[in-house]
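User: Let's go through this model together, one question at a time. Keep it casual, but give me the cut-offs.

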Amino acid sequence: MRIVSALVNVPWLAERLASPGLSPLPLRVLDCSYYLPKHNRDQRAEYRQKHIPGALFFDIQECSDKSSPYRNMLPPIRQFESYVGDLGVDNNTHVVVYDGTDSFLLASPRVWWMFRAFGHPLVSVLNGGLDKWCEMGHPSTDKTQQVQKAKFSASFNPSLVRNFRFMEENLTQKSAQVVDSRPVSDFYGAGDPASKPGVGRIPGSVNLPFERLIDRETKTMKSTEKLQELFSGAGVDLSRPLVSTCRTGMKACGIALAGHLSGKEDIPVYDGSWSEWSKVAPPENIVCGTQEARQKG
């Protein structure tokens with residue numbers, strides 16, 4: 001099995017798009033742009049207006065479990081196979097995923113994790129996404145292309161996915177550290193979860209906000225050394241098992257990517273995250289305010 005880097009930079013991609021022979025594997029670039037409903041933006045329309053030449057659009061909302069009451073959950077295996085096959089991805093394709101404007105690394109780590117969860121490790125995140133691509137002077141286009149459908153055979157990797165049952169049992173078994181990537185205000189927020197569903201945390205979890213992973217000046221993921229410092233500062237031991245969570249399972253994948261870059265390549269994601277936990281867990285398993293000691297730093 002070939003190994004590809006989890007994170008690739010803009011010059012690397014530009015060089016291989018200009019000279020495909022440089023890549024030992026066929027490349028497929030996917031625009032994974034996704035914006036929260038509150039932003040009132042149409043990611044598909046923005047893709048049609050501006051994207052990396054040759055990139056196809058990966059719709060996280062379309063490629064999700066439509067039967068789930070929670071947003072953008074991992075789709076059934078056959079649905080994923082069909083969806084990515086229609087994008088021309090087979091089991092020998094090196095997939096490069098990126099985010100659209102102003103979103104840095106929001107959705108691309110999620111799609112990176114989805115491919116890995118379905119047994120396809122040949123996937124990389126474009127560091128800095130479309131913003132960095134354009135900033136470095138590379139062209140964008142509004143032209144879309146048709147590709148030949150491919151056959152993709154998925155092999156589900158359950159070790160990269162966690163469900164409510166695991167998380168509930170982990171409260172007593174403490175088999176894994178829980179890292180929550182939501183903002184500090186949500187994680188430590190006070191109030192009644194019934195009236196403020198975004199507030200609170202899983203008992204025993206620690207907070208490492210997703211935004212801290214990004215260097216705002218360069219609009220790229222922070223260096224491995226700085227990521228390792230962030231994990232350490234949050235009280236996370238990367239030599240021990242851990243699971244990442246957030247509000248909807250999106251930014252938690254950023255934690256999984258950061259851990260991967262830091263040498264911890266097997267971080268699973270609690271797919272339901274706070275959207276599920278806040279609705280299903282009993283009140284005693286929802287911590288609000290300062291009922292627990294805050295993390296160091």
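User: Which residues sit on the two faces of strand β7, and are they buried or exposed?

Analyst: This is a predicted model, with residues numbered from 1 along each chain as its sequence is written; local features need pLDDT of at least 70, side-chain atom pairs count only at pLDDT 80 or more, totals for chains, interfaces and linings use all residues, and side-chain values use heavy atoms, with hydrogens and water left out. Strands are DSSP E runs of at least two residues and helices are H or I runs of at least four, numbered from the N terminus. Strand β7 covers residues 177-180, with Gln 177 and Val 179 on one side and Val 178 and Asp 180 on the other. Both faces are covered, and those four residues are all buried (under 20% relative accessible area; exposed is over 50%, partly exposed in between, with a 1.4 Å probe and protein chains only).

User: How many bridges join β7 to β11?

Analyst: Two strands count as paired if DSSP finds at least two bridges between them. Strand β11 spans residues 242-245 and runs parallel to β7, with Val 178 opposite Val 243. The number of bridges joining β7 to β11 is 4.

User: And which residue in β8 stands opposite Val 179?

Analyst: Strand β8 takes in residues 206-207 and is joined to β7 by 2 bridges, running parallel. Opposite Val 179 in β8 stands Val 206.

User: What are the edge strands of the open sheet made of 5 strands?

Analyst: The order in that sheet is β1-β5-β4-β2-β3, with parallel pairing. An edge strand here pairs on one side only, which leaves β1 (7-8) and β3.

User: Which residue in β3 is opposite Asp 31?

Analyst: Strand β2 (residues 27-31) pairs with β3 in the parallel sense over 2 bridges. Opposite Asp 31 in β3 is Phe 57.

User: Why does Arg 71 count as partly exposed?

Analyst: Arg 71 lies in the loop between β3 (56-57) and α3 (77-86). Arg 71 counts as partly exposed because its relative accessibility is 35%.

User: What is the phi of Asn 72 near?

Analyst: Asn 72 is also in the loop between β3 and α3, and it's buried, with a relative accessible area of 9%. Its phi is positive in a residue other than glycine, near 60°.

User: What about Ser 273: what is its phi near?

Analyst: Ser 273 is in helix α10 (residues 273-280). Ser 273 is buried, at a relative accessible area of 0%. Here too phi is positive in a residue other than glycine, near 45°.
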